[in-house]
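Morning, everyone. I have one structure to go through today, and I will keep it short.

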Amino acid sequence: MSDTDNAPRDSLFEPPVMAEQERMVEAILFATVDPVTVKELGDRMPHGSDPAEALVSLRKRYEGRGVQVVRVGDAWAFRTAADLGYLMQREVTETRKLSRAAVETLAIIAYHQPVTRAEIEEIRGVAVSRGTVDQLLEMDWIRFGRRRMTPGRPVTFVVTQAFLDHFGLESARDLPGLADLRAAGLLDNRPSPLAATGQDEDDADALEAGEGQSELFED
């Protein structure tokens, strides 16, 4: 068999011109609800395409427009320009209530990820109930990360791409500072009412569900 027979099949074809690749990326992002990674774009496009370069070009073309190409975690999507977000607001909003335990747990995961349940409990000073973690998992705001290479190999938790997308963040590095979180009511200096009583947070979640809710956690 000759070297020619062993050559990659995609080397026999010229990739589309960059302007056409840009149109392909635009079409995929427009038609897809969830953000799309560069790899996923490349899997859909013809062999030899360069979706990363096409994204750079497309992003520049949409600068200053009503919709923009934004990065969400390791993926990309069309989103309304930040300064026009007020046009998309509904007159009636549905608020998703989170207990104080869930808000604190979510904040700890976001700022300390990857973090184990034991580490969350050490920071909060109180046991984390299974219900709190299950709620955040069901909302798709946290997910399981890699297991720690320590005795017992405990699982870790990290925030999800859906969490970043919900709050318009490119990555967890774009999270607001602790002072901003306290100002928004997400964190404060009050001792947890559970820590003082030794009460399990399952028993107090119902009492806390309507208190201290931040506008950051509204749909």
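I will take a helix pair first, then a sheet, and then how the two are placed.

Keep in mind that this is a predicted model.

Start with helix 5, residues 100–112, and helix 6, residues 117–124. In general, a pair of packed helices is described by the angle between the axes and the distance between them. Here the angle is about 115 degrees, and the axes of helix 5 and helix 6 are 10 Å apart. The range from 65 to 115 degrees counts as roughly perpendicular, so helix 5 and helix 6 are roughly perpendicular to each other. Their crossing is right-handed.

Which residues make the contact? From helix 5 we have Ala101, Glu104, Thr105, Ile108, Ile109 and His112. Helix 6 contributes Ile120, Ile123 and Arg124. Sorted by class, the contact of helix 5 with helix 6 has five nonpolar residues, two polar and two charged.

Now the sheet. It is open and has three strands, in the order 4-6-5, with antiparallel pairing. Strand 4, residues 115–116, and strand 5, residues 142–147, are the edge strands, and each of them pairs on one side only. Strand 6, residues 155–159, runs antiparallel to strand 5, and four bridges join the two. One pair to look at is Ile142, whose bridge partner in strand 6 is Val159.

Last, the placement. How does helix 5 lie relative to the strands? Helix 5 lies across strand 4, strand 5 and strand 6. Relative to strand 6, helix 5 runs at about 90 degrees. So much for the helix that packs against helix 6 and also lies across the three strands.

Methods: Residues are numbered from 1 along each chain as its sequence is written. This is a predicted model: local features need pLDDT of at least 70, side-chain atom pairs count only at pLDDT 80 or more; totals for chains, interfaces and linings use all residues. Side-chain values use heavy atoms; hydrogens and water are left out. Axes are lines fitted to C-alpha atoms, for helices over the stretch in contact, and angles run from 0 to 180 degrees between N-to-C directions. Angles under 35 degrees count as roughly parallel, over 145 as roughly antiparallel, 65 to 115 as roughly perpendicular and the rest as oblique. A crossing is left-handed if the near helix is turned anticlockwise from the far one by less than a right angle, and right-handed if clockwise. Contact means heavy atoms within 4.5 Å. Ala, Val, Leu, Ile, Met, Phe, Trp, Tyr, Cys and Pro count as nonpolar, Asp, Glu, Lys and Arg as charged, and the others, Gly among them, as polar. Two strands pair if DSSP finds at least two bridges between them.
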